[in-house]
Amino acid sequence: MLWVRWFYTVPLWLRSVLRRNRAEYDLDDEIRFHVEREIAENVARGLTVEEARNAALCTFGGIEQHKEECRDALRVRFIEECRQNVRFAWRRLRSSPGLTVSAGIALALGIGANTAVFTAVDTLLFRPLPVEAGGRLVFFNNGTATSFSYPAFRDFRDRNDVLAGLTAYRVVPMNISTPAAGNFRTWGYEATGNYFDLLGVKPFLGRLFHSEDDTQPGAHPVLVLSYLCWKRRFEADPNIVSRTVKVNGLDYTILGVAPARFKGTETFFNPDVWVPMSMQAQVEPGDNWLESRAATNVWMLGRLKDGAARPKPP
Amino acid sequence: MSKPSDLVQGMLNLLIMKILALKPLHGWAISQRLKQVSSDVLQVSDGSLYPALHKLEQEGWIAAEWKISELGRRAKYYSLTRLGRKQLEKETAQWQRLSSAITQVVSLKEA
């Protein structure tokens with residue numbers, strides 16, 4: 001019964017909501033017709049037009065009041081209907097608590113899973129690196145391989161005409177020892193000297209390394225700390241710059257601290273330190289691969305030149 | 001006398017539906033028929049008819065359609081829906097039960 005009535009009433013509601021002016025006009029016209037018809041009737045009975053008009057208005061009663069009552073008919077009905085629906089839904093839900101609970105759980109799980117997946121995907125894929133113009137950065141891969149040899153990196157860096165710059169880096173475990181923080185093993189990046197400049201990262205303390213800090217193999221024992229490492233391992237020491245720490249037994253000078261929001265260029269491998277790529281042989285003792293074309297050990301990140309179009313995915 | 005009491009409202013609805021069961025009419029014609037059948041009993045102004053009509057329309061018991069009237073201009077004609085016909089039967093039966101019960105009571109002879 002309820003449903004059958006909707007066949008008649010839903011169009012009325014829609015009209016009153018979507019075409020309010022039209023509904024108002026119709027109400028006006030309906031009542032005007034009544035009064036006109038009554039006047040015509042009174043005139044036919046022998047009254048003058050003026051008398052007929054007055055008599056018609058008199059028998060009708062307050063026009064505005066009746067119009068408002070007509071609008072009320074719609075509103076009251078609508079509210080009543082909503083309340084009935086809510087109560088009906090509530091009763092149905094209460095009468096089958098098992099279904100209600102499982103529907104609730106299903107909704108909660110569905111929404112929760114979607115939120116979790118979206119959050120993960122958003123962090124992993126959609127959010128650009130917190131660096132300057134992250135949208136202009138391109139990551140290199142070769143088929144399914146994402147790593148290249150250092151000589152190949154130099155070739156790409158020196159022989160392309162679409163990149164404003166190309167940097168290479170590698171994630172490596174390092175042993176760090178300091179008088180203050182003791183010894184700990186952590187993840188760091190070996191990165192080419194242009195790494196921070198290409199990304200547009202500005203130091204939080206001291207300075208970051210540049211291309212001139214990465215020229216001669218083994219000649220640049222300097223490093224940059226991440227903000228978190230500085231805070232956790234070095235107790236946020238404001239005088240950390242120029243201090244010395246040992247990395248795999250060799251003394252390195254701390255150049256500075258990276259800003260808090262810059263956590264490296266990989267999602268899960270957030271480094272504690274960055275050292276110049278030229279220190280590769282010292283950081284990885286016994287494994288000097290910088291000149292080997294067979295050792296595909298570095299990842300490459302380039303910045304497109306202004307005007308260079310991002311290649312379309314195949 | 002402008003706003004009908006609940007009892008009169010119920011009778012008004014019943015009468016409107018009964019009148020419309022015969023043929024579709026516009027508001028003014030319904031008011032004329034109402035006066036003819038019950039002018040002395042139903043003391044309501046012409047205007048009160050319209051809220052009643054709109055409520056019945058909201059219930060889905062009557063439906064409205066704009067048609068050209070005898071005056072040559074458009075008027076809103078109401079007709080009874082199938083739902084309304086059932087409701088009319090129900091209310092008529094109720095009314096008959098109620099009125100016969102009351103008739104019985106009021107016609108009891110005082111002993």
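Here is a short conversation about a predicted model with a chain A and a chain B.

Reader: What makes R74(B) and D29(A) a salt bridge?

Author: Their side chains meet at 2.9 Å, N to O. The cut-off is within 4 Å, for a side-chain nitrogen of Lys or Arg and a carboxyl oxygen of Asp or Glu. The pair R74(B) and D29(A), at 2.9 Å, therefore counts as a salt bridge.

Reader: Nice! How many salt bridges are there between chain A and chain B?

Author: The count is 6. There are also 15 residue pairs in polar contact between chain A and chain B, with both residues at pLDDT 80 or more.

Reader: Which elements of chain A give two or more residues to the side that touches chain B?

Author: They are α1 (2–18), α2 (20–44), α3 (49–60) and α4 (63–95) of chain A. The most comes from α2(A), with 15 residues. By class, this side of chain A has 14 nonpolar, 6 polar and 12 charged residues.

Reader: How do you know how much area chain A and chain B bury between them?

Author: The size of an interface is often given as the accessible area lost when the parts come together. For chain A and chain B, that is about 2900 Å², with 59% of it on carbon and sulfur atoms. In terms of contacts, 32 residues of chain A meet 32 residues of chain B.

Reader: Let's turn to chain B. What pattern does chain B follow along the sequence?

Author: Chain B reads α-β-α-α-β-β-α, which gives 4 helices and 3 strands. Of its 111 residues, 44% count as buried.

Reader: Why is helix α3 of chain B called largely enclosed by the rest of the structure?

Author: To count as buried, a residue must have under 20% relative accessible area. In α3(B), residues 49–59, 10 of the 11 residues are buried, so the helix is largely enclosed. Among them are L49(B), Y50(B), P51(B) and L53(B), and the charged residues E57(B) and E59(B) are buried too. Just after α3(B), G60(B) takes a positive phi of about 85°.

Reader: And how do you know that the span of helix α4 of chain B is close to the expected one?

Author: Helix α4(B), residues 82–106, has 25 residues and reaches 36 Å from its first C-alpha to its last. The expected span is 1.5 Å times one less than the number of residues, and for α4(B) that is 36 Å, so the two values are close. The buried residues of α4(B) are L83(B), G84(B), Q87(B), L88(B) and E91(B).

Conventions
Residues are numbered from 1 along each chain as its sequence is written. Chains are lettered from A and ligands numbered from 1 in the order in which they are written. This is a predicted model: local features need pLDDT of at least 70, side-chain atom pairs count only at pLDDT 80 or more; totals for chains, interfaces and linings use all residues. Side-chain values use heavy atoms; hydrogens and water are left out. Contact means heavy atoms within 4.5 Å. Buried area is the accessible area (1.4 Å probe) that two parts lose on being put together, summed over both. A polar contact is a pair of N or O atoms within 3.5 Å; within protein, one must be able to donate a hydrogen and the other to accept it, and residues adjacent in sequence count only if both atoms are side-chain atoms. Buried means under 20% relative accessible area, exposed over 50%, partly exposed in between (1.4 Å probe, protein chains only).
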